[in-house]
Amino acid sequence: MALMKCPECELQVSDKALSCPHCGYPLKDHEQPRGRGKTRPKHRRLPNGFGSITELKGRNLRNPFWVRICVSKNEYGRPILKSLKPQAYFRTYNDAYAALCEYNKNPYDLNNDMTVSELYEKWTEVYLKDASAAYMRTVSSAWSYCSSVYNMRAKDLRARHIKGCMEDGYRIETRGKHKGEKVFPSATTKTKIKSLFNVMLDYALEYEIVDRNYARTFDISSDIVKEAAESKRNHIPFTDLELKILWDNVDKVKFVDWIIIQSYMGWRPQELATLRLDEINLEKWYMCAGMKTEAGKQRIVPIHSKIRSLVKRNYDFAVSIGSGFLFNDKGQTHAGSWAVTYDKYSNRFKKVITQLNLNPEHRAHDPRNTFITNGKKAKMDEYALKEMVGHSVKDITESVYTLRDLEWLRQDIEKLK
């Protein structure tokens, strides 16, 4: 007996072994005579998503081993298999396995029939893996207008098809008074659709799914650029009068307390919606939470004395229903989940604005803007303010050598009236 290297994992194995004991790679074509007590050796099960090798029995075939690749999954999570191209049938299991291994090293080279929808799924798995929830929503929203190209082969996609999504694409509204109606892309959405295809087809070009990125062969028209620029709205802080109206209705109108808490702590809407009870300290009255940027993650924000009762009220309610989150709402139907998402909070925010006849241009990010604006008016320390709202501090002395404890931050936040 001698030792040899496995051609797959390159570990040492016996030259008499039928398969590698380390990775399962078949080393020899081996057939035992059929008879009493003797069966053909079984091959090790292939990893999930790796593909399939099937021996076609009962036929006198020169190449009986059929290789299929996993190109996607169906609605039940089961693999969708297609024959390996350009050759799907092999004489031995070893030959079939080697071809399947070669395909999995670069699984896109041989899949000439990948649809744009399949490409989107592959691309988002990689591109959005570490993306923020807000950016994921932006990409998903732009993609919803592109149904006309979902079933096209990716390699057949051309500039005219992408322009068609931008100009004539639409989605169907799923809620509100316009439910069931077609919604066409705004100028801003058109720019996002173009951006989506730019980067998705860059990915496809890298893996040789397409021969050219046609999204980068044209520019957005100046009219769309101008319209998108004009449609951008600045954040609008609440006026003193609007804050008074909110306080006057804190026990009369549902969700007003959420807006007030955000206005006195500066959380982003997504951060506010996902505040957990274990991030809230009611003994020392502060929260330690955050997301989006390195500077914004897990930052300490004292709870202003004026809103402690509002925080406590939401905290106690969360405990009573067994929720791990500070804010909870099932909506008017009292069905579904208590969990609050960015979209759900934004929807509740708009209802409050409408009900109290406040500036209709207000958006869910404006209470954060209100906190920052009023903090500067109250002469809060610039770096303390940046630390509490999660903005990066570039001054080395301030960011590295100055350590602000809870009480230091509390003195600053209490300057808010």
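These exercises work through one predicted model, each with a stepwise solution. Residues are numbered from 1 along each chain as its sequence is written, and side-chain values use heavy atoms, with hydrogens and water left out. In this predicted model, local features need pLDDT of at least 70 and side-chain atom pairs count only at pLDDT 80 or more, while totals for chains, interfaces and linings use all residues.

**Exercise 1. The whole chain**

Task: State how many helices and strands the chain has, and what share of its residues is buried.

Solution:
- Step 1. Count the elements. Helices (H or I, at least four residues) and strands (E, at least two) are DSSP runs, numbered from the N terminus. The chain has 15 helices and eleven strands.
- Step 2. Apply the burial cut-offs. Buried means under 20% relative accessible area, exposed over 50%, and partly exposed in between (1.4 Å probe, protein chains only). Of the 417 residues, 40% count as buried.
- Step 3. Take the surface. Accessible areas come from the Shrake-Rupley method with a 1.4 Å probe; for residues, only the protein chains shown count as cover. The chain's accessible surface comes to about 24,700 Å², with 49% belonging to carbon and sulfur atoms.
- Step 4. Check contact range. Contact means heavy atoms within 4.5 Å. Among contacts between residues at least 6 apart in sequence, 54% join residues at least 24 apart.

**Exercise 2. Leu-157 and its surroundings**

Task: Decide whether Leu-157 is buried or exposed, and list what it touches.

Solution:
- Step 1. Place it. Leu-157 lies in the loop between α3 (133-143) and α4 (159-168).
- Step 2. Read its accessibility. Leu-157 has 3% relative accessibility, so it counts as buried.
- Step 3. List the partners. Neighbours within four places in sequence are set aside; Leu-157 then contacts Val-116, Val-149, Met-152, Ile-162, Phe-197, Leu-201 and Tyr-214.
- Step 4. Add a distance. The C-alpha atoms of Leu-157 and Ala-215 are 9.2 Å apart, though 58 residues separate them along the chain.

**Exercise 3. Two helix pairs**

Task: Work out how α2 is oriented to α3, and how α8 is oriented to α11.

Solution:
- Step 1. Set the rules. Axes are lines fitted to C-alpha atoms, for helices over the stretch in contact, and angles run from 0 to 180 degrees between N-to-C directions. Angles under 35 degrees count as roughly parallel, over 145 as roughly antiparallel, 65 to 115 as roughly perpendicular and the rest as oblique.
- Step 2. Take α2 (residues 116-127) and α3. They pack at about 175°, axes 13 Å apart. The pair is therefore roughly antiparallel.
- Step 3. Find the residues between them. Val-116, Ser-117, Tyr-120, Trp-123 and Tyr-127 of α2 meet Tyr-135, Val-139, Ser-140 and Trp-143 of α3.
- Step 4. Take α8 and α11 (residues 342-355). Their angle is about 105°, with axes 9 Å apart. That makes α8 roughly perpendicular to α11. Val-256, Trp-258, Ile-259 and Gln-262 of α8 contact Tyr-345, Phe-349 and Val-352 of α11.

**Exercise 4. Around α8**

Task: Explain why α8 is described as largely enclosed, and inspect the residues at its ends.

Solution:
- Step 1. Count burial. Ten of the ten residues of α8 (residues 256-265) are buried, so the helix is largely enclosed by the rest of the structure. Among them are Trp-258, Ile-260 and Tyr-264.
- Step 2. Look before it. Phe-255 sits in the loop between α7 and α8. Phe-255 is buried, at 13% relative accessible area. Its phi is positive, about 80°, although Phe-255 is not a glycine. Most residues other than glycine have a negative phi.
- Step 3. Look after it. Gly-266 follows α8, with a positive phi near 80°.

**Exercise 5. Salt bridges**

Task: Give the salt-bridge total and examine three pairs.

Solution:
- Step 1. Define the term. A salt bridge is a side-chain nitrogen of Lys or Arg within 4 Å of a carboxyl oxygen of Asp or Glu. The count comes to 17.
- Step 2. Take Arg-153 and Asp-156. Their closest N and O atoms are 2.9 Å apart. Arg-153 is partly exposed at 31%, and Asp-156 is partly exposed at 30%.
- Step 3. Take Glu-173 and Arg-171. The N to O distance is 3.4 Å. Glu-173 is buried at 18%, whereas Arg-171 is partly exposed at 26%.
- Step 4. Take Lys-244 and Asp-248. Their closest N and O atoms are 3.0 Å apart. The two are four residues apart in helix α7 (residues 240-248), so about one helical turn separates them.
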